Amino acid sequence: MIALAAALPGAAHAQSDLRAAMAKCRPIADLPSRAACYDRIALEDGGPRWTGRLSFTTEAFTVDRPTLIRFDSEGVIFVMYLKDAAGEVVQNIHHAGAGEGRYLIGQPGTYTLQINGAEGWRIWLEPQS
């Protein structure tokens, strides 16, 4: 198991994120609300694409259709810059306070994200049909 975790450096991190997300659902007393919480985790397609704390710049990624960026911030400040292939800022995305947010990338292309957060954060990409 240790060899596998070393071969897949993100695997252990993704597993701990999944456990943390499920732990948030467990104390919900209302059964339909708890089921909805677990369903949301299942729909996240295996967890966040990027997870971090404070500042980070992603590797370039390409979208071929409108794609929703979803994010969850644990801190009071979260600022994310969506940049095009030339490094130009396409959109300044910010969120005050902990919580979730989203932004739709409307145009196909190659992008990077520059993230500046006060605490931990998670980011998902969800291609739209």
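Start by selecting C25 and C37: these two cysteines form a disulfide, with their sulfur atoms 1.9 Å apart. Keep in mind as you go that this is a predicted model. A search through the whole structure finds one disulfide, so there is no second one to hunt for.

Now colour the helices around that bond. C25 belongs to helix α2 (residues 9-25) and C37 to helix α3 (residues 31-43), so the disulfide ties together parts that are twelve residues apart in sequence. Zoom in on the S-S bond and look at its twist: the torsion is about -75°, so this disulfide is left-handed. Then switch on the surface. Are the two cysteines buried or exposed? C25 is buried, with a relative accessible area of 0%, and C37 is buried as well, at 7%.

Next, move to the strands and select T51, which lies in strand β1 (residues 50-57). T51 is partly exposed, because its relative accessible area of 29% falls between the 20% and 50% cut-offs. Add I123 to the selection. T51 and I123 are 72 residues apart in sequence, while their C-alpha atoms are 6.5 Å apart in space.

Keep I123 on screen, as it leads to the next stop. The largest nonpolar core has 16 residues, and F61, I69, M80, L113 and I123 touch the most other members. Strands β2 (61-63), β3 (67-73), β4 (77-84) and β7 (109-127) each supply at least two residues of this core. Which strand gives the most to it? That is β7, with six residues. In soluble globular proteins, nonpolar side chains tend to be buried together.

Centre the view on I69 and show what surrounds this residue. Leaving aside neighbours within four places in sequence, I69 is in contact with a list of residues including M80, L82, Y103, I105, L113, I123 and W124. G101, R102 and L125 are also among its contacts.

From there, follow β4. What strand do seven bridges join to β4? One answer is β5 (residues 89-96), which runs antiparallel to β4. Select L82 and look across to Q91 in β5, which stands opposite. Then go to the turn of this hairpin, where four residues sit between the strands and G87 takes a positive phi near 85°.

Finally, look at another partner of β4. β4 and β7 pair in the antiparallel sense, again over seven bridges. To see this pairing residue by residue, select K83 and find T112 of β7 standing opposite.

Key:
Residues numbered from 1 in each chain as written. Predicted model: local features only at pLDDT ≥ 70, side-chain atom pairs only at ≥ 80, totals over all residues. Heavy atoms only, no water. Disulfide = S-S within 2.5 Å. Buried < 20%, exposed > 50% of the residue type's maximum accessible area, 1.4 Å probe, protein only. Core = buried A, V, L, I, M, F, W, Y, C linked by side-chain atoms within 4.5 Å. Contact = heavy atoms within 4.5 Å. Pairing = 2+ DSSP bridges.
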